[in-house]
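Have your viewer ready and take this tour one selection at a time. Each stop suggests what to pick and tells you what is there.

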Amino acid sequence: MSTTTAPAATGTDERLVAVSRFTRVLRRPELGALLGAIVIYVMFALVDTTGVFVTIAGTARWTDVAASVGIVAVPVALLMISGEFDLSAGVMVGTSGLFAGLLTTQYGFSMWPAIGLTLLFAAGIGLVNGWLVMLTGLPSFIVTLAMFFSLRGINLGVTKMLTDTVRVAGIDKVPGYDSAASVFASTFWAPYDFRTSVLWWLAITVVATTVLTKLRFGNWVYAVGGDQTAARNTGVPVRRTKIAMFVCTSLAAALVGIITLLRLKSMQAGQGVGEEFTFIIAAVVGGCLLTGGFGSAIGASIGASIIGMAFIGIAYAGWNTDWSWLFLGVILFIAVLVNTFIGRRAQGARK
Amino acid sequence: MKAPKLALVVVASTALVLAGCSGGTTADQSTAKSTSAAAGGGDNSAIKICMYTHGDGGGFWSVAKKGAEKAAADLGVTLDYQESNNDAQKQAQLIEAGVTGGCTGLAVSAPNPDAIKDALKKATAAGIPIVTMNSGSAVFRDLGAITHVGQDEFIAGQEAGKKFKEMGVKKVLCPLHEANNIGLQQRCDGIKDTFGNVENLQVTAGLADLAKSQAEIQAKLESDPSIDAVFALNADIATGAALPAAEAVGRPIKIGTVDLSGEAVTDIKDGKIAFAIDQQQFAQGYLPVVLLYLNKINGHVLGGGQPMYTGPGFVTKDNADLIQKLAEAGTR
């Protein structure tokens, strides 16, 4: 850190060149995603057959989808900035929902203690993920893939063992359900009925953005993802920073698991499987680099919005669902392409 | 370097716009078709029937979808068909979107009824009639549906059990190819009820990797020589995994299946597969549209509080020829 205080005697150090405000805006990781989101919003507003997409009611519908993606996509983005992946984040949604569901319906816990224990359990899983990555030096891709398969097996095995079926049901009869549901899985602003998960999503985005831009910890996150050795040499606690990000991701997945459990009053053993890619896609669409060191929390939330708009937009457009995946694929591809294009131009001076 | 990249963005954006346009055109065309079909009986395109299933676009659901499209075209109503790939939360979100999006009738499959209960309450509160289809025969009344169209999975299993008994087999293997599908479990429970000596086997690879599923079934058949029949719960599992496994083991093993495919019908004709239980999912797509239409124009509530069964119908060597023609046309 002290090295930067040296005067720029030569005057040619690129790090000290003043950049215009315009260039600085262009360099924001989420700019491309924002433009992409606007394009996609306008497009779905135009092809909408119901006239509902652009209304408040329509907004309530697509933000509902976006929130369940965004809550996890934000910490996944931070984890990616720190240079790691978590492929177990999707299945973790199911695991934590099942964990809370089984605690309440099979072991007589009431809702709130079960939620507390679930969060503890999730933090433990995140800790194991991070610790294993650090200990073994294996790519997090492999470690969390192993966790993904393990949890998937445990989800089905344990659920069937304890309930003789493939889902946990009857959550609304558990003591404390009503108060927990009002916090995690109710709606506000009748008659449009926005989901409370939207508030959780916004809160997590704000907190993550603050941490990234205002706190020293945020600098660490960028540093360990940019150049781990350099970060370590300048005194950044690499191991702790990365493990903390794994724990946050796991906790966010558990939050979505709890929200889903309370909302659906039940949990299937397969819930969440495959969603890990949706989270990563949201983060990448939002400007995170797959190589780490670059990205933002707001970007991930915009990425989640794009996914939410596409899901509901395709339904309102009445498009033949045989082609849904193609539409999603093209939309995501273009969003990332625009992103990369703008990013390269903005960094043209640097590179 | 930069110009080609810009060009790439332009090309890709154009592709998206084209994709959007052609998507729109497809929808327009189907609406146009429906309208022209209705020319005789008047234009009913203001009636929007929304069918939101847990389907996955596979061989089974594409036939159900075809049934719904045919009904919509025959009646001249507008159809909005959406699938949610076994994700109960997505299905609930679709239903809520549909209620705000102006559905006049709602058909849903309900493999996980708790998950869509609240969303369906919004539909009934908005005066939208509901019909459940495919799965949900036990719970349709609780969900506020006027009736249910489908096959009772337990009865289907029971009928298969009787059939295997007639065939004189001793022990049946029941491979479950989807971990989260409660209906599959009910079929295995049904066959256990009428047949008795049944062993369940969780096939982890499922439809995603038939070669691996074959290996799993084969290993089970090899390790337990008393098994002399397999009750496959899906036609692709029957033809792609159970049959090759049985052939590899080399002792006579009878195979029965649930649902049809072109290959399965051919195998039935050739005597390699003994029977298929057909739940006739084309009708599961067709009937809800008709029921909701009748409810809308004439206030009918059919079914009398009972579900309407589309199966089980048996496909054996005797009727395989006729069924084969229809399966090739994608309606059976």
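The stops below begin with one chain and then move to its contact with a partner. Keep in mind that this is a predicted model.

**Stop 1: chain B alone.** Select chain B and colour it by secondary structure: you should find 11 helices and 12 strands. Of its 332 residues, 54% count as buried. Switching to a surface view, you are looking at about 13000 Å² exposed by chain B, with 55% of that supplied by carbon and sulfur atoms. Among contacts in chain B with a separation of 6 or more, 75% join residues 24 or more positions apart.

**Stop 2: the interface.** Now bring chain A back into view. Which residues should light up if you select the contact? You will get 46 from chain B and 47 from chain A. Together the two chains bury about 4100 Å², and carbon and sulfur atoms account for 56% of this area.

**Stop 3: charged and polar pairs.** Between chain B and chain A there are 6 salt bridges. For one to zoom in on, pick Asp118(B) and Lys265(A), whose closest N and O atoms lie 2.7 Å apart in a salt bridge. Across the same interface, 15 residue pairs are in polar contact, counting pairs with both residues at pLDDT 80 or more.

**Stop 4: the chain B side.** Select helix 1 (2-37), strand 2 (77-83), helix 3 (88-100), helix 4 (113-125) and helix 6 (182-195) of chain B; each gives two or more residues to the side touching chain A. Helix 1 of chain B provides the largest share, 14 residues. Finally, colour this side by residue type: it divides into 17 nonpolar, 17 polar and 12 charged residues.

Methods
Residues numbered from 1 in each chain as written. Chains lettered and ligands numbered in written order. Predicted model: local features only at pLDDT ≥ 70, side-chain atom pairs only at ≥ 80, totals over all residues. Heavy atoms only, no water. Contact = heavy atoms within 4.5 Å. Buried area = accessible area lost by both parts, 1.4 Å probe. Salt bridge = Lys/Arg side-chain N within 4 Å of Asp/Glu carboxyl O. Polar contact = N/O pair within 3.5 Å; in protein donor to acceptor, adjacent residues only side chain to side chain. Helix = DSSP H or I, 4+ residues; strand = E, 2+ residues; numbered from the N terminus. Nonpolar A, V, L, I, M, F, W, Y, C, P; charged D, E, K, R; others polar. Buried < 20%, exposed > 50% of the residue type's maximum accessible area, 1.4 Å probe, protein only. Areas by Shrake-Rupley, 256 points an atom, 1.4 Å probe, with all protein chains shown as cover.
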